[in-house]
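Visitor: I would like to go through this entry by question and answer. Please keep to what can be read from the coordinates.

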Amino acid sequence: MIRPSEDNQYYELHSPTAMPKASGFLWNENMMIHMNCRGYAVSQFMQPEPSKYSHAPNLEAKTFMQPEQPYYAHHPGRFVYIKDEESGGLFSAPYEPVRVLPERYTFFAGKHDIKWLVQHDGIAVEMKLGLSKNDPFELWTVKVANQGRAKRKISVYPYYTVGYMSWMNQSGQYHEELQSIVCSSITPYQKYKEYDKIKHLNDKTFLLADKAPTAWEVNQEVFEGEGGIGNPSALEGDTLSGSDARYEMPVCVMQYKLELEPGDETELRFIFGAARTEEDIAAIRRKYFQPGTGGSDGFAEAEAEYAAYVREGEGCLEIDTPDKALDNFANHWLPRQMYYHGRTNRLTTDPQTRNYLQDNMGMSYMAPELAREAFLTALSQQNASGAMPDGIILHKDAELKYINQVPHTDHCVWLPVCLVTYLDETDDYSLLEEKVAFADSPELATVSRHIDLAMEWLLKTRDERGLNYIEQGDWCDPMNMVGYKGKGVSGWLTMASGYAFRVWGDICQNCGRMEEAALYRQRAEETNEIVNRYLWDGNWYARGITDDNVPFGISSDKEGKVFINPQGWSLMCGAADEQKKAKLMQAVTEHLESPYGVEKLGPPYTAMREDVGRVTQKHPGTAENGAVYNHAAAFYIYALYLADEKDHAFDLLRRMIPGPDQEDLERRGQLPVFIPNYYRGAYRQIPRTAGRSSHLFNTGTVPWVYRILVDGLFGLKGERNGLRVAPRLPSDWSGVSVKRSFRGAELNVSIKRYKGIAAQEVYVDGELAEDGLLAHLETGKHYEVLVKIPG
């Protein structure tokens, strides 16, 4: 029922009902669309803030995406109704809203397009969604074919949701000269000063057709009549009425009456999206449907350009292992998701600082020049005190919004933690000498000085015990009431600071700052001592201490007893010795591990705990309240590889990716084309829903998983002097092959188990590489690498 295509460009789903929320996503520089297998969509475009052109049927908040999106009959969608003009039979593609189960169904979640093939009652419908590289609209191709032996008379009705556009002003009508339905609105505003902004917005939603329709309908109420969206009254007539919408909810529906001989096929093409004026729509029509002489095809050109754009997001690894589903995901889908994050900054103008830095940690593997620019951008918004902002402003008209108006204390930590990946990949230590101003001072300082100040800020914002203040959140946004009085501290952040000191100390040594290297390593050791003195609870580490000096995430808590982040980061920072490591790993296994990954905390909270915050109000097993929150799980897996727990690490890594068996895929309800923000947790308390995907593909997980593959599983990690080879394959793998791109060199790496050897041996073009270090690799050259590991 679910399988990758032969060329690995698609994942195919052969049922519209087995996994009703299965989906794929496409994006470009200015928009995103998350497309459900049944035809429902979540889409937004930038102007410069996120906006919608396909709305819900009621006034809605301008949120980006919701976890476990609850689709409903009038959820924004893209459908095609097919009516037999002789029998009156009706079905719809891809499945909604008529919900007639087709005789054949395939959903293709692709890397650069999304497709469906639906066959029913002798009629085949092929739908394809594509994007251009930059334009904020959808490119649709609909093919309808007669597969029977008799002539068919049918009507085809493409249907595109417009929804409730504006309480101020909304309307819609068909423009014959454009062959387009144009729906207009005015973005609501109250203050007259806002008019200067809203007058430039793309407040028109249009459906543009390459062929003139037989008829059309623009009035949602007229179209549905008494039959509703599942059996619209308007389809009972010979042709649609051609109504307009005047302060009524508009819709974009066209009708094409076709007579198809056996074997005949008709192709229709549509563009659906946002524009500012009718003149803009006319220009779009000329660009895509009348692109000039010489037989050029605007759709084909856009498809080729977009496919090339997506291919730019290739990773630095290509793997061939005993786990072919892992190969498919790691080679094709994981780098694609990572590229989306880093290239578009999650389609926001003020990404959270931690997200921006971690997403560009991922870009270090595929577009290091963009990562370099991002680090400089982030540091230019640092205060001279060393404090980093809660969000990074990326547009001149942007401002910090939503969560970025809530003070968090972790953003400085991510500077060395993410920068080290860039330096490992590129050896571009010249970046540390670049001079950057501050947000609140024109003074220029080197990148090294900026990060020194960030580390000093982490040391200054501590209580008398040496534990880092949390204010209204650290990495965990909804942990907002631990320290709002100014006294609560974060156990995790203290550990993360220790790890940051350790990493920054190593970077300082690599660039010759030996005194600073010794200082930061000393700070790391002192931090570890503080962690063990105040946070060790006997079998695991506490999550923090509240404003009222109450530790939480400890054994005496009935809920929120164990948190995953302190356990993993205690391994990363070096606080946990061998005895503590064994105990905390046992606690994680006992309290947090599930068949779907490692849960963020357990047991989940079932009621508000006012000294912890709104994380405790979330439903048990969702999001930060005990879900398999993959970002946190990735931290723990990375820590396990650092601790050389390779089998345990791989086991948890594999649980993060849906499948490969059918039962697991159906349980998650998601195709293995992205890692979601979370899977439902509370496995011990609510097993019925455990494992269910959130379907949110915005997540800081993906760069960490890629780093896990590079640094951990395959052990092909860059460092100052070259590529260090130290694979940590699971014990039941006899060998793997990996293609690794590194600083312009290409390496074919074969890792094999050999009996009779006691330690790893690494050969480059037949020559033994001492200590597994591949030094003096040259740009443009290819190398054959054999890695022998004990069998």
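Visitor: Which side chain meets Glu624 in a salt bridge?

Guide: This is a predicted model. Glu624 counts as buried, at 8% relative accessibility. Its partner in the salt bridge is partly exposed, with a relative accessible area of 24%. The N to O distance is 2.7 Å, and the partner is Lys618.

Visitor: Which residues are joined with Glu312 into one network by salt bridges that share partners?

Guide: The structure holds 56 salt bridges. Where salt bridges share partners, they join Glu312 into one network with Glu29 and Arg343.

Visitor: How many residues apart in sequence are the parts that Asp121 and Arg152 tie together?

Guide: The two side chains meet in a salt bridge at 3.3 Å, N to O. Asp121 is partly exposed at 40% relative accessible area, whereas Arg152 is buried at 12%. Asp121 sits in the loop between strand 10 (114-120) and strand 11 (123-131), and Arg152 belongs to strand 13 (residues 152-161), so the parts tied together are apart in sequence by 31 residues.

Visitor: Are helix 10 and helix 11 roughly parallel or roughly antiparallel?

Guide: The axes of helix 10 (residues 491-510) and helix 11 (residues 514-534) come within 8 Å and cross at roughly 160°. Angles over 145 degrees count as roughly antiparallel. The relation of helix 10 to helix 11 is therefore roughly antiparallel.

Visitor: How many charged residues are in the contact of helix 10 with helix 11?

Guide: Helix 10 contributes residues including Arg502 and Asp506, and helix 11 residues including Glu516, Arg521 and Arg523. By class, the contact has 9 nonpolar and 5 polar residues, and the number of charged ones is 5.

Visitor: With which residue does Glu516 form a salt bridge?

Guide: Glu516 is among the helix 11 residues that contact helix 10. Glu516 counts as partly exposed at 27% relative accessibility, while its partner is buried, with a relative accessible area of 17%. The closest N and O atoms are 3.7 Å apart, and the partner is Arg513.

Visitor: How many nonpolar residues does the contact of helix 8 with helix 10 have?

Guide: The axes of helix 8 (residues 414-426) and helix 10 come within 8 Å and cross at roughly 40°, and the two helices are therefore oblique to each other. Helix 8 contributes Trp414, Pro416, Val417, Leu419, Val420 and Leu423, and helix 10 contributes Trp492, Tyr499, Ala500, Val503, Trp504 and Ile507. The contact has no polar and no charged residues, and its nonpolar count is 12.

Visitor: Is Leu347 buried or exposed?

Guide: Leu347 has a positive phi of about 50° although it is not a glycine. Its place is in the loop between helix 5 (324-344) and helix 6 (353-363). At a relative accessible area of 4%, Leu347 is buried.

Visitor: And is Tyr402 buried or exposed?

Guide: Tyr402, not a glycine, also has a positive phi of about 50°. Tyr402 is placed in the loop between helix 7 (368-379) and helix 8. With 64% relative accessibility, Tyr402 counts as exposed.

Visitor: What is omega for the cis peptide bond that joins Gly659 and Pro660?

Guide: Most peptide bonds are trans. Pro660 lies in the loop between helix 15 (646-655) and helix 16 (662-668). The bond that joins Gly659 and Pro660 is cis, with omega about 5°.

Note on methods: Residues are numbered from 1 along each chain as its sequence is written. This is a predicted model: local features need pLDDT of at least 70, side-chain atom pairs count only at pLDDT 80 or more; totals for chains, interfaces and linings use all residues. Side-chain values use heavy atoms; hydrogens and water are left out. Axes are lines fitted to C-alpha atoms, for helices over the stretch in contact, and angles run from 0 to 180 degrees between N-to-C directions. Helices (H or I, at least four residues) and strands (E, at least two) are DSSP runs, numbered from the N terminus. Angles under 35 degrees count as roughly parallel, over 145 as roughly antiparallel, 65 to 115 as roughly perpendicular and the rest as oblique. Contact means heavy atoms within 4.5 Å. Ala, Val, Leu, Ile, Met, Phe, Trp, Tyr, Cys and Pro count as nonpolar, Asp, Glu, Lys and Arg as charged, and the others, Gly among them, as polar. A salt bridge is a side-chain nitrogen of Lys or Arg within 4 Å of a carboxyl oxygen of Asp or Glu. Buried means under 20% relative accessible area, exposed over 50%, partly exposed in between (1.4 Å probe, protein chains only).
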